[in-house]
There are 2 protein chains.
Amino acid sequence: MIKIISNMGELKKFLLGKGIKPTYQRLEILYYMLKKMNSHPTVDTIYEELYLKIPPLSKTTVYNILKSFVEKKIISAITITGSEVRYDANITPHHHFLCTKCGRIIDLDLKCPFEMQDKNRVLGHRVEEVHGYLKGICKECLKRRKNEIFKRNKN
Amino acid sequence: MIKIISNMGELKKFLLGKGIKPTYQRLEILYYMLKKMNSHPTVDTIYEELYLKIPPLSKTTVYNILKSFVEKKIISAITITGSEVRYDANITPHHHFLCTKCGRIIDLDLKCPFEMQDKNRVLGHRVEEVHGYLKGICKECLKRRKNEIFKRNKN
DNA sequence: ATGACTGCAAAATATTTGCATATTC
DNA sequence: GAATATGCAAATATTTTGCAGTCAT
């Protein structure tokens with residue numbers, strides 16, 4: 001979707017173009033999602049941060065709006081943790097890595113080879129979405145752990 | 001894990017080998033999971049079907065046992081639907097397809113190319129698990145739809 | 001007898017639904 | 001003004017927790 005964080009006017013036009021009424025709440029949520037690109041917030045995080053700014057905002061509304069954005073393919077839903085749904089405004093083809101140490105979800109800018117197969121078919125099934133969810137220990141946690149071991153050995 | 005559905009004696013030995021006490025509930029749940037290989041049941045399904053056979057079975061126990069099986073890598077947890085966790089006793093490397101029409105989860109026996117990269121590192125992160133979740137319309141639903149359109153055109 | 005496992009009830013968390021009110025074009 | 005969106009409260013669904021009782025060695 002829109003690469004550069006746009007102003008409200010541009011976002012309004014964007015939503016209208018998608019056949020979505022650009023209400024105040026929708027604009028604010030979309031703006032927030034674009035600003036927080038790469039942070040993969042939950043409904044709760046979005047609600048907690050936004051209702052301070054635009055009260056009264058209802059969690060139901062956040063659920064509704066995110067759901068409609070997912071249907072219109074403006075954002076995508078990520079279920080890597082298994083305990084709650086996270087949302088991502090980066091809808092260019094990419095995949096996700098969940099660090100089991102720090103809990104971060106990291107974007108992996110790798111094209112998924114599944115997508116390459118003949119006209120979106122995999123073993124005869126028509127593929128419309130591909131989610132690569134990898135889990136393990138992220139680069140930063142590995143480095144931190146290495147440093148700790150190094151320090152311990154020096155003492 | 002065990003390819004051929006074993007008898008209770010073999011399962012008992014298997015669990016003992018993994019350092020897990022082979023209680024009645026654990027054996028029955030493992031037996032059920034192997035029998036229902038490829039059906040990816042939820043906690044609820046497992047509970048509903050098993051408590052008829054082995055009452056009193058508690059849902060808490062089902063949660064406990066499945067969790068311990070996942071930790072010991074006897075089964076794996078699948079979060080493709082986003083609304084509940086499903087379990088899979090097939091732990092050979094494979095991926096999953098969710099049909100948005102019929103709701104089935106289908107095993108895709110494809111190796112994930114992510115796994116091929118240098119010693120389990122992807123972009124510097126250490127990868128311990130890889131889940132490929134694809135969504136779309138399955139072969140059977142595509143065929144059914146095709147037939148319906150064909151019939152409609154004949155009339 | 002010790003330690004681990006099970007099961008109930010209650011709590012916690014995440015999400016959905018029904019309906020009255022408010023907003024947008 | 002008609003259609004749609006929002007927000008509250010309550011309902012539902014999923015999973016976790018605390019604890020008492022039970023089982024196996």
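These entries record what I looked up about the protein surface around the two DNA strands in a predicted model.

**Entry 1: DNA strand D, surroundings**

I began with the residues around DNA strand D and found 15 of them. The closest are Thr23(A), Gln25(A), Pro56(A), Ser58(A) and Thr61(A). I then sorted the surface near DNA strand D by class, which gave 5 nonpolar, 7 polar and 3 charged residues.

**Entry 2: DNA strand D, which part is approached**

Next I took the atoms of DNA strand D within 4 Å of the protein. Sugar or phosphate accounts for 78% of these atoms, and bases make up the rest.

**Entry 3: DNA strand D, phosphate contacts**

I looked up contacts to phosphate oxygens of DNA strand D. A polar backbone atom of Pro56(A) is 2.3 Å from one such oxygen. For Ser58(A), a backbone N or O atom lies 3.3 Å from a phosphate oxygen of the strand. Chain B also takes part: a polar backbone atom of Val85(B) is 3.0 Å from a phosphate oxygen of DNA strand D. I then asked which elements give two or more residues to the surface near this strand. They are helix H2 (24–35) and helix H4 (59–71) of chain A, together with helix H4 (59–71) of chain B. H4(A) gives the most, with 3 residues.

**Entry 4: DNA strand C, surroundings**

I repeated the search for DNA strand C and found 17 surrounding residues. Here the closest are Thr23(B), Gln25(B), Pro56(B), Ser58(B) and Thr61(B). By class, I noted 6 nonpolar, 7 polar and 4 charged residues on the surface near DNA strand C. Of the atoms of DNA strand C within 4 Å of the protein, 77% belong to sugar or phosphate, and the remainder to bases.

**Entry 5: DNA strand C, phosphate contacts**

Two side chains of chain B came up in this lookup. Thr23(B) has a polar side-chain atom 2.7 Å from a phosphate oxygen of DNA strand C. Arg26(B) has a side-chain N or O atom 3.1 Å from a phosphate oxygen of DNA strand C. From chain A, I noted a backbone N or O atom of Val85(A) that lies 3.2 Å from a phosphate oxygen of DNA strand C.

**Entry 6: DNA strand C, elements**

Last, I checked which elements supply at least two residues of the surface near DNA strand C. These are H4 of chain A, along with helix H2 (24–35) and H4 of chain B. The largest share, 3 residues, comes from H4(B).

Methods
Residues are numbered from 1 along each chain as its sequence is written. Chains are lettered from A and ligands numbered from 1 in the order in which they are written. This is a predicted model: local features need pLDDT of at least 70, side-chain atom pairs count only at pLDDT 80 or more; totals for chains, interfaces and linings use all residues. Side-chain values use heavy atoms; hydrogens and water are left out. A residue is near a molecule or strand if one of its heavy atoms lies within 4 Å of it. A polar contact is a pair of N or O atoms within 3.5 Å; within protein, one must be able to donate a hydrogen and the other to accept it, and residues adjacent in sequence count only if both atoms are side-chain atoms. Helices (H or I, at least four residues) and strands (E, at least two) are DSSP runs, numbered from the N terminus. Ala, Val, Leu, Ile, Met, Phe, Trp, Tyr, Cys and Pro count as nonpolar, Asp, Glu, Lys and Arg as charged, and the others, Gly among them, as polar.
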